[in-house]
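Work through the exercises below with the sequence and the 3D view side by side. Try each task before reading its solution.

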Amino acid sequence: MKVKMITVGKLKEKYLKEGIAEYSKRLSRFTKLELIEVADEKISDNASQVEKDAIMTREAERVLSKISDREYVIVLAIEGEELPSETFSQILANATLNGYSTLTFIIGGSLGLSSIIKKKAHQLVSFGKMTLPHQLMRLVLIEQIYRAFMIQQGSPYHK
């Protein structure tokens with residue numbers, strides 16, 4: 001099984017890179033991890049909603065170019081379902097049991113994600129109603145993916 005994380009924008013903060021590298025290393029005993037960054041668009045402070053929608057569409061096209069029809073796609077979206085870690089772990093396990101060899105997670109840029117991407121998802125997941133920086137969400141997500149695998153193994157890490 002393979003886990004793919006597609007994110008809009010480039011990760012710049014050293015501390016986030018270090019945290020992601022640590023969880024990537026931990027995950028390597030369970031799965032192959034592929035981290036893909038697609039370019040984000042520049043946004044003016046006074047951009048209209050039409051301009052913002054056009055930006056999200058261009059970003060969505062870049063994301064979609066990295067996904068095949070044989071992947072189980074989970075999109076992080078504020079309107080998604082809030083899940084306990086155990087349920088999240090079960091969703092990942094079930095996707096594998098249902099024949100998906102790649103679990104693909106998508107995190108949008110500062111504007112979020114186009115509805116085009118959300119419609120492609122098998123599952124919309126939210127980590128709560130609070131707004132978090134999309135770059136920080138990469139670290140939070142990779143930790144939760146690691147936790148999901150540890151739950152499947154019956155590890156005490158989860159407790």
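**Exercise 1: a polar residue**

Glutamine 123 has its place in strand β5 (residues 123-126); helices (H or I, at least four residues) and strands (E, at least two) are DSSP runs, numbered from the N terminus. The model is a predicted one, where local features need pLDDT of at least 70, side-chain atom pairs count only at pLDDT 80 or more, and totals for chains, interfaces and linings use all residues. Residues are numbered from 1 along each chain as its sequence is written, and side-chain values use heavy atoms, leaving out hydrogens and water.

Task: decide whether glutamine 123 is buried or exposed, then find its polar contact with glutamate 81.

Solution.
- Step one: the relative accessible area of glutamine 123 is 14%, so the residue is buried (under 20%; exposed is over 50%, partly exposed in between; 1.4 Å probe, protein chains only).
- Step two: its side chain joins that of glutamate 81 through a polar contact of 3.2 Å (N or O atoms within 3.5 Å; within protein, one must be able to donate a hydrogen and the other to accept it, and residues adjacent in sequence count only if both atoms are side-chain atoms).
- Step three: beyond four places in sequence, glutamine 123 touches residues including Tyr72, Leu83 and Ile91 (contact means heavy atoms within 4.5 Å).

**Exercise 2: aromatic pairs**

Task: classify the pair of tyrosine 23 and tyrosine 146.

Solution.
- Step one: apply the rule that rings of Phe, Tyr and Trp (its six-membered ring) pair if their centres lie within 6.5 Å, with planes under 30 degrees apart stacked, over 60 edge-to-face and the rest tilted. The count comes to five aromatic pairs.
- Step two: the centres of tyrosine 23 and tyrosine 146 are 5.8 Å apart and the planes stand at 55 degrees, so this pair is tilted.
- Step three: tyrosine 23 lies in helix α1 (residues 14-27) and tyrosine 146 in helix α5 (residues 134-152), 123 residues apart.
- Step four: tyrosine 23 is buried at 16% relative accessibility, and tyrosine 146 is buried at 6%.

**Exercise 3: the core**

Task: which residues have the most contacts inside the largest nonpolar core?

Solution.
- Step one: a nonpolar core is a set of buried Ala, Val, Leu, Ile, Met, Phe, Trp, Tyr and Cys residues joined through side-chain atoms within 4.5 Å.
- Step two: the largest has 28 residues, and Phe105, Leu141 and Ile145 have the most contacts inside it.
- Step three: α5 gives the most to this core, nine residues.
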